[in-house]
Amino acid sequence: MITAIVLIKTSVDRIPEIAESIAALDSVSEVFSVTGTYDLIAMVRVARHDDLADVIPGRISRIAGVEATDTHVAFRTYSQHDLEAAFAIGLDS
């Protein structure tokens, strides 16, 4: 699984609607409304690297109100959730 973090600039008067449209896309797992230079951050998870082109410039960038994107592809994922699950293997609750 390939994870990309997509920083998104939008029309500020439409942030909630744009966030909902992005979140509705199949490969998008979360969308965060944030402060700072960007308005939204989307987590995109795909099976193949080539699929990123279909999702980010192909769908996210074409949503009305999306002005710009800046994409960062993760090399490796570290997650507290993953660590807890690994340590819980074989334990009965």
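Two strands count as paired if DSSP finds at least two bridges between them, and that criterion underlies the description of the sheet in this predicted model. In S3, the residue that serves as bridge partner of Val31 is Ala42, and S2 and S3, which run antiparallel, are joined by five bridges. Four strands in the order S2-S3-S1-S4 make up an open sheet with antiparallel pairing, and both H1 and H2 pack on that sheet.

**The sheet**

- The edge strands of the open sheet are S2 and S4, each of which pairs on one side only, and neighbouring strands are turned against each other by 20° on average when direction is ignored.
- Strands of a sheet pair through backbone hydrogen bonds, and the pairing may be parallel or antiparallel; in this sheet the pairing is antiparallel.
- The hairpin of S2 and S3 has six residues between the strands, and Gly36 in this hairpin takes a positive phi near 110°.

**Helices on the sheet**

- H1 touches S1, S2, S3 and S4 as it packs on the sheet, and its direction makes about 165° with that of S2.
- H2 likewise touches S1, S2, S3 and S4, with a direction that makes about 145° with that of S3.
- The buried residues of H1 are Ile15, Ile18, Ala19 and Ile22; because they cover an arc of only 100° around the axis, they lie on the same side of H1.
- Pro16 and Glu20 are exposed residues carried by the face of H1 that is turned away from its buried side, whereas the buried residues of H1 pack against S1, S2, S3, H2 and S4.
- In H2, which spans residues 51-60, the buried residues are Asp51, Leu52, Val55, Ile56 and Ile60; they cover an arc of only 110° around the axis and are therefore on the same side of H2.
- The buried residues of H2 pack against the strands S1 (2-10), S2 (28-33), S3 (40-46) and S4 (66-73), and also against helix H1 (15-23).

**The nonpolar core**

- The largest nonpolar core has 20 residues, and those with the most contacts inside it are Ile8, Ile22, Val44 and Ile60; S1, H1, S3 and H2 each supply at least two residues of this core.
- In soluble globular proteins, nonpolar side chains tend to be buried together.
- When residues up to four places away in sequence are not counted, Ile8 touches Ile22, Tyr38, Asp39, Leu40, Ala42, Ile60, Val66, Ala68 and Thr69.

**Two threonines**

- Thr10, which is found in strand S1, has a relative accessible area of 3% and is therefore buried, given that buried means under 20%.
- Leaving aside neighbours within four places in sequence, Thr10 is in contact with Ile15, Ile18, Asp39, Leu40, Gly65 and Glu67.
- Thr69 lies in strand S4 and is partly exposed, with a relative accessible area of 30%.
- Although Thr69 and Val6 are 63 residues apart along the chain, their C-alpha atoms are separated by 6.4 Å, and Val6 is among the residues that Thr69 touches, together with Leu7, Ile8, Ile56, Ile60 and Ser61, when residues up to four places away in sequence are not counted.

**Salt bridges**

- The count of salt bridges comes to two; in general, side chains of opposite charge can pair when their charged atoms come close.
- One of the two joins the side chains of Arg45 and Glu30, with an N to O distance of 3.3 Å, and this pair links distant parts of the chain, with Arg45 in strand S3 and Glu30 in strand S2, 15 residues apart.
- Arg45 is partly exposed at a relative accessible area of 31%, and Glu30 is partly exposed at 32%.
- The side chains of Arg48 and Asp51 also meet in a salt bridge, at 2.9 Å from N to O.
- Arg48 is partly exposed, with a relative accessible area of 48%, whereas Asp51, at 17% relative accessibility, counts as buried and is listed among the buried residues of H2.

Notes
Residues numbered from 1 in each chain as written. Predicted model: local features only at pLDDT ≥ 70, side-chain atom pairs only at ≥ 80, totals over all residues. Heavy atoms only, no water. Buried < 20%, exposed > 50% of the residue type's maximum accessible area, 1.4 Å probe, protein only. Arc of directions from axis to C-beta. Contact = heavy atoms within 4.5 Å. Core = buried A, V, L, I, M, F, W, Y, C linked by side-chain atoms within 4.5 Å. Axes fitted to C-alpha atoms, helices over the stretch in contact; angles between N-to-C directions. Salt bridge = Lys/Arg side-chain N within 4 Å of Asp/Glu carboxyl O.
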